Every structure is written in structure tokens, then in C-alpha cells.
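Please look at the charged side chains in the structure shown here, and at the strands that lie around them. The report below takes the salt bridges in turn and then moves on to strand pairing.

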Amino acid sequence: MQPVLPPSVEALNVAVTRSQVPVWLPWPLPVGWLFTGIAHAGDDLSGARATAVACSGPAPLGGFGELVLVAEELGVGLGARYAGLDGPDPGDSVSLYKPADAKLMAAGRPTPMFHVPEAPDDRAVYVGEARGLWIWAIAWPEQSALLMHDELVLTDLRDAGAELGLLPCGALTPRLLG
């Protein structure tokens, strides 16, 4: 795990340049939401093998909400860490034999997401697969997961251009530090 980078366009550019996995962010951000930090796991030689991007803003049912989106190679465990799970993956939560609990668009493709019921009660966790990698969506408080049902569209920031300069930044979330 590398040090968490405070939210700035410059820090995001550095992380995006070094990443071997997608750097997912809702784009456009939901109304009133801000980019609030990025973390990644990997080394300087091979680059990031997992990324976690945080954003926060008004929750769908009122109050304050936070969302951390993780992209990672199998077995890294960064998503499970933020989800509050033991082990490196979602376990039996992802099954080809049950329907998806939510869908989002990731890089222009519909992506089924499965609710992880083993997560702590203070958050909602969804996991799926995009581009052959795990994609995790962890929302605090749990009710903020309603965003998952609002046609959430994710962009891989490695494919973004000058739009990154328009990204509104907020204060660093403590969610990435824990």
C-alpha cells in the first residue's frame, strides 16, 4: 500500500499515470459531489495493481455520503480492506447463479454489481467484474448506496483528457486512511 494522496488534480494525474488498473470515478460526479482522495497498492516498478478513489457529497436521502471505488487485480485485497472483510476477495457474494443487485456503467459497458451482505453495518458494499478485474463500490452510510441504483456511470480516468482539470476537489476523506 502506498501513501494516500490528498485530493488534487496533480495527485490524481500522478496516480493515473502509474496505474496498471482502471482508476474509476463517477463522471460526471453526482450533483454537489467532490473528489476526496486516492490510494493505490503496487510498487514503482510495476505500477499500481489496485486503486481506490473516494468522492463525497449529499447523500440521496439527506445528510452526507461517501463512496470509494476500487479496481484491483484478483488477490490484492484492497477492496476487501475498505469493505471491512477478511480475506482478499468477496467470497461467495459473487455468483453466476443469482441476479445482480445493481448495475452501473463502467467504461461504457453495463456492469452487474452484487451486494456483499457480510460487510459491517455502517456501509454498503457492492462488487462486480469489469475489464477482467474486481470493481468494488463501498458507500457510507449504508443508505448512500442508493447511488448504485441511479444509473451510475464510471469513467476510467486513465482515458480522461483535459476533463481532469475540471474535477472539483474537496478535503481528504479519512475513509482512505483506515
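Which side chain meets that of Arg175 in a salt bridge? The partner is Glu66, and the N to O distance of this salt bridge is 3.0 Å, where the term stands for a side-chain nitrogen of Lys or Arg within 4 Å of a carboxyl oxygen of Asp or Glu. The pair links distant parts of the chain, since Arg175 belongs to the segment after strand S9 (153-156) while Glu66 sits in strand S4 (residues 64-72), 109 residues apart. Strands here are DSSP runs (E, at least two residues), numbered from the N terminus.

This is a predicted model, in which local features need pLDDT of at least 70 and side-chain atom pairs count only at pLDDT 80 or more, whereas totals for chains, interfaces and linings use all residues. Residues are numbered from 1 along each chain as its sequence is written, and side-chain values use heavy atoms, with hydrogens and water left out.

**Salt bridges**

The structure holds six salt bridges, including the three in the table.

| Pair | Closest N to O distance |
|---|---|
| Arg175 and Glu66 | 3.0 Å |
| Asp122 and Arg123 | 2.9 Å |
| Asp156 and Arg131 | 2.7 Å |

The accessibility of these residues is given as a relative accessible area (buried under 20%, exposed over 50%, partly exposed in between, with a 1.4 Å probe and protein chains only). Glu66 is buried at 9%, whereas Arg175 is partly exposed at 30%.

The bridge between Asp156 and Arg131 ties together parts that are 25 residues apart in sequence, because Asp156 lies in strand S9 and Arg131 in the loop between S7 and strand S8 (133-140). Asp156 is buried, with a relative accessibility of 1%, and Arg131 is partly exposed at 45%. Salt bridges with shared partners join Arg131, Asp156, Arg158 and Asp159 into one network.

**The surroundings of Arg123**

Arg123 is placed in the loop between strand S6 (109-115) and strand S7 (124-130). With a relative accessible area of 16%, Arg123 counts as buried, while its salt-bridge partner Asp122 is partly exposed at 38%. A polar atom of the Arg123 side chain also lies 2.8 Å from the backbone oxygen of Tyr82. Once neighbours within four places in sequence are left aside, Arg123 is in contact (heavy atoms within 4.5 Å) with Tyr82, Ala83, Gly84, Ile138, Ala139, Trp140 and Glu142.

Tyr82 has a charged residue over its ring as well, for Arg81 lies over the face of Tyr82 at 5.7 Å from the ring centre; this description requires NZ of Lys or CZ of Arg within 6 Å of the ring centre and within 35 degrees of the ring normal.

**Strand S9 and its partners**

In a regular strand the side chains alternate between the two faces of the sheet. Strand S9 has a covered face, made up of Leu154 and Asp156, and an uncovered one with Val153 and Thr155.

Which strands pair with S9, and in what sense? Strand S1 (residues 24-26) pairs with S9 in the antiparallel sense over three bridges, and Leu154 in S9 is the bridge partner of Pro26. Strand S5 (residues 102-106) pairs with S9 in the parallel sense over two bridges, with Met105 standing opposite Val153. Strand pairing, in this usage, requires that DSSP finds at least two bridges between the two strands.

Terms used. Helix = DSSP H or I, 4+ residues; strand = E, 2+ residues; numbered from the N terminus. Polar contact = N/O pair within 3.5 Å; in protein donor to acceptor, adjacent residues only side chain to side chain.
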